[in-house]
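Here's a quick walk through one structure, with an eye on how its helices pack and how far to trust each part. Have a look at it first.

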Amino acid sequence: MPRFRSISLALTVCLMFGTTVTQAQSKKTSKEAEKLAQAGTTARQDIRSAFDLLEGLFAQYNAIMDGSVDRKPAYKELTREVKSADKSAEAARKSIDAMKQQAEKLFVVWQTDIDSMTDADLKARHQSRLESRKERYTTFNDAIAAARNELSPFFKSLKDQIAFL
């Protein structure tokens, strides 16, 4: 089985990222920040659900392999659970994509607010805060991308191993 370092890292980062909301100065930026927080919460829940199903698949697969369960009904259940895990992973991918789109909207609106400021010191502080949030989001997004890249071949490998049973 492939290693799950990237998946675990992505889940950890997602849980940490959670509902991090920027300190916004305009109503529009605040609204976009709230939407990002909601999208982050949904993504975190969907990733957790997919991860839980994946752990269940491991347990079922291991039970079949070690002979602790009746293979035929366990195999049928395992194949059903693989389909559920696929659907859950797709839901997580969609919610992550929605979160990414929302983050991009927030950053555009926030930059517009900064560009409209006239006080140079205040403008510089807000620009720094925006860049910091963008860096944190990029770290989060990179971890999710690594997990995605690792998860797809893993599911293919698991399906092959299940077919072999």
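## Helix packing

A crossing counts as left-handed if the near helix is turned anticlockwise from the far one by less than a right angle. With that in hand, in this predicted model α2 passes α3 in a left-handed crossing.

Two packed helices are described by the angle between their axes and the distance between the axes. Here helix α2 covers residues 27-66 and helix α3 residues 71-115; their axes come within 7 Å and cross at roughly 160°. Angles over 145 degrees count as roughly antiparallel, so that's what α2 is to α3. As for what sits in the contact of α2 with α3, its residues split into 25 nonpolar, nine polar and nine charged.

## Aromatic pairs

Searching the whole structure turns up two aromatic pairs. One of them is F107 with Y137, an edge-to-face pair with 6.0 Å from centre to centre and 70° between the planes. F107 belongs to helix α3 and Y137 to helix α4 (residues 120-164), so this pair ties together parts that are 30 residues apart in sequence.

## How far to trust it

Mean pLDDT for the protein is 83, with 85% of its residues at 70 or more. And where is confidence lowest, and where highest? The low end is helix α1 (residues 5-17), at a mean of 54, while α3 takes the high end at 92.

Then there are residues 18-24, where pLDDT stays under 50. The model does give that stretch 19 contacts beyond four places in sequence. Still, where pLDDT is low, the predicted coordinates shouldn't be read in detail.

Terms used
Residues numbered from 1 in each chain as written. Predicted model: local features only at pLDDT ≥ 70, side-chain atom pairs only at ≥ 80, totals over all residues. Heavy atoms only, no water. Axes fitted to C-alpha atoms, helices over the stretch in contact; angles between N-to-C directions. Helix = DSSP H or I, 4+ residues; strand = E, 2+ residues; numbered from the N terminus. Parallel < 35°, antiparallel > 145°, perpendicular 65-115°, else oblique. Nonpolar A, V, L, I, M, F, W, Y, C, P; charged D, E, K, R; others polar. pLDDT = per-residue confidence, 0-100. Contact = heavy atoms within 4.5 Å. Phe/Tyr/Trp six-rings, centres within 6.5 Å; stacked < 30°, edge-to-face > 60°.
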